[in-house]
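Visitor: Please give me a close look at one part of this model, the chain lettered C. I would like to see how it is put together and how it meets its neighbour.

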Amino acid sequence: MADEVIKTQNLEKNGAYIGGKGFCLQRDSEIEFKNIEGQCREFYPEGELNLVRKRRWYWEIAAEVLVKVADFCFNTLGCRFSTATGEDTPRGFTILYHFSIDRLGLLISVRVILPHDDPQVDSLTVLGQGFEWIEREIHEMLGIGFRGLGDTRHLLLPDDSPEDYHPYRRSFG
Amino acid sequence: MLKKLKKAALARSLWIYHVAASPCNNCDIEILDLLTPRFDVERFGLLLAPSPRHADLLLVTGMVNKKVLDRVLRVYAQIPKPCVVAAVGSCAISGDLFVDSYNFAGPLDKHIPVDVYIGGCPPKPEAMILGVVRAIEKLKKLKDL
Amino acid sequence: MAELERKIIPIGPFHPLQEEAEYFKLKVEGEKVVGLDIQLGYMHRGHEKICEGKTYDQIPFVVERICGICSTSHPFACVQAIEDAAAIEIPPRAAYIRTIVGELERIHSHLLWAGLAGHFLGYNTVWMWAWKYRESVLEISELITGNRNHYAMFKPGGVRRDIEGGMIPPLLATLDELDKKLTMLTKAVLDDPVLHKRLEGVGVLTREKAIEYSVEGPTGRASGLKIDVRKDDPHAAYDWVEWEEIVCQEGDVFAKTKVRLLECLESTKIIRQCLGKLKDLPEGEIDAHMERGPDGEGIGRYEAPRGEVFHYVKGDGSMYPVRYKIRAPSSMNIKSNEVAVLGSSVADAAITLAAVDPCYCCTERIAAFNTKGKFLYNWNDLVKLSQEKTARMGGGS
């Protein structure tokens, strides 16, 4: 049906591109996956890269190299930033940054662990605007400091919430 | 004479003002659905008011959260009394599954007096029409006083 | 129809105290928009924390109520996250049923958007038509799932209800009708020369900015990004049926309209193929019977009508999750309005802001101020300006 409409409207001339018929061979390519794994291990060998499932990788890195690794994922590998998950765990405050390589359907989740007594990490807004809101959300929900995050206003909570009101902390409520 | 005119005027058209507290939008879309050709409540003389100052009936959807509570109270303060308030959907009536949330400010009738409860998640358009009919009946009684 | 336009102004409250903070504060200089400030929080209900206190079979009900329009997208991603963490496979019949329900929702959501966009532009006939055809989709949903919205069809391991043989003929008949009406609506919209003039070049989001803001869904696909979770991260039955991804290059509002309308036609194609395959699978095998909570991390994604819905779950083997993360697509897309609306005229602001398909209630809290902070227009006024511009160009009604 859509192809009929596209033909009668001459939409190819107007720039409608239809792609992805049926299966996408590149998506299942073993070589591509091995290639990316090699690049990650070579870039930061000290990190713990865990290939939990074919399309779900978890990469634990030191907080100091976060901007370097995120830049590698966002720019060198060409990932799209999906979102970040903040969590209060016994090991410390964990932030998982989820980067997606869309053409392979691969999600690389980069994990940093911050100490409970002084959770601070560099902001990734230097790489792009897409990081700002989620950092503001993690900042207000967990009380984690993002060095270089210009706008630290409340995103979701009421503006008059007290300073130490962090609903996602285990000590809350 | 004026009283009869007022009563007759009310029977002909009812101005509805809709305020969304913190809804998932389902109830709001079903309210808008009432205006589409299938249900078409305009033929009953129900119109959406552009301002609370012209409204007879206030429809509130969604769970009242702490940030939006102020706005709901302000809108209620501006509606000329007597008016009828309808809580549309389970979230406005009781908070539904959000009762445990840290951002929940309490069910709607904790903050403003509610006259009609239209239950459902979301209430079917037929249920909303029934709720509005009850509201009209109540409003008629109120305005008679 | 002119009568209808005058009486019904369904969008937005008139806020007497204009100094109050709004969701979207447009900064206007003369006739041009020079800035946009976005404030959220009015819809924050604390879903993630609530999910931590619910069992895995209760969570799909909780996440369903995040958004009423794309109400099945969140449970779709949710059950995938749980199944990813538990590493279980669902039966093929369940996969087809999930796909059918997901695509029905996509059609209804895009038609809803098309109707509202038509209204904002002054084409109230488009609004009434789009919502009228939408009713037939809601009726089929009620036939299959029991409710017009909030279907409650998904559970970890499969689906809750089967599509029985008797439901398929009315479904196919409705799809045939829908195909005709959708093609007619699409051609009417894409054919209208005033709409071309009105929407082309308006609210352009370039490819570079789209990547920087990490947008997704039809907003990204209209700017030349070839991303669609249904193709990229195959799940349910999307890999077993033939369909096309619609990508445009211009990045303006017209491209976003094209993408959404053409996607509806692809959706009917997908549903038809899934119904055909269902006939060969025995009825009743719709659940993998997940018996214990997952131990580990799982991520589930789904292409909602607005973009990628992302759910992350971390379990410890018990029936309650340790952490549940939800990210709705609008959180990434709405921010891109900061650049898309810059430089456009005030009359175009309404349709540009609505083009990313924000949740309906967000549109209620849009207001425009001049650079000195003086209130100029509320949402009603912005819609009126937009409708007047279309009328001046000779279109509308």
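Guide: Happy to help; we will go from domains to a sheet, then to two loops and the contact with another chain.

This is a predicted model, in which local features need pLDDT of at least 70 and side-chain atom pairs count only at pLDDT 80 or more, while totals for chains, interfaces and linings use all residues. Residues are numbered from 1 along each chain as its sequence is written, and chains are lettered from A and ligands numbered from 1 in the order in which they are written.

Let's begin with the overall division. Chain C splits into domain 1 (2–42 + 333–392) and domain 2 (47–330), with bounds that come from an automatic or database domain assignment. Taken over C-alpha atoms, the centres of the two domains of chain C are 28 Å apart. Domain 1 of chain C brings 25 residues to the contact between them, and domain 2 of chain C brings 26; here two residues are in contact if their C-beta atoms, placed from the backbone, lie within 7 Å. On the domain 1 side, helix H1 (2–7), helix H14 (337–340), helix H15 (346–354) and helix H16 (379–392) of chain C each give two or more residues. Helices (H or I, at least four residues) and strands (E, at least two) are DSSP runs, numbered from the N terminus. Sorted by class, that same side of domain 1 of chain C holds 14 nonpolar, seven polar and four charged residues. In this scheme Ala, Val, Leu, Ile, Met, Phe, Trp, Tyr, Cys and Pro count as nonpolar, Asp, Glu, Lys and Arg as charged, and the others, Gly among them, as polar.

Now for a sheet. In chain C, three strands make an open sheet, ordered E6-E7-E8, with antiparallel pairing; two strands pair if DSSP finds at least two bridges between them. E6 and E8 of chain C are the edge strands, and each has a single partner strand, so one side of each has no neighbour in the sheet. On average, neighbouring strands here are turned by 10° against each other, direction ignored. The antiparallel pair E6(C) and E7(C) is joined by ten bridges, and one bridge to look for links C:Gly298 with C:Val313 in E7(C). Across E6 and E7 of chain C lies helix H4 (residues 73–86) of chain C, at about 150° to E6(C). Axes are lines fitted to C-alpha atoms, for helices over the stretch in contact, and angles run from 0 to 180 degrees between N-to-C directions.

Two loops deserve a look at their backbone. Most residues other than glycine have a negative phi. C:His150 has a positive phi, near 55°, and sits in the loop between helix H6 (124–145) and strand E3 (154–155) of chain C. C:His289 also has a positive phi, near 55°, and belongs to the loop between H12 and E6 of chain C. Which of these histidines is buried, with 21 other C-beta atoms within 10 Å? That is C:His150, whereas C:His289 is exposed, with 10 other C-beta atoms within 10 Å. The cut-offs are simple: a residue is buried if 20 or more other C-beta atoms lie within 10 Å of its own, exposed if 12 or fewer, and partly exposed in between, with C-beta atoms placed from the backbone.

Finally, the neighbour. Chain C gives 46 residues to its contact with chain A, and chain A gives 39. On the chain C side, the elements that each supply at least two residues include the strands E6 (295–304), E7 (307–316) and E8 (321–327) of chain C, which are also the strands of the open sheet described above. Helix H7 (168–191), helix H11 (229–232), strand E5 (245–248), helix H12 (253–278) and helix H13 (330–333) of chain C likewise supply at least two residues each. H12(C) gives the most to this side, with six residues. By class, the residues of chain C that touch chain A are 14 nonpolar, nine polar and 23 charged.
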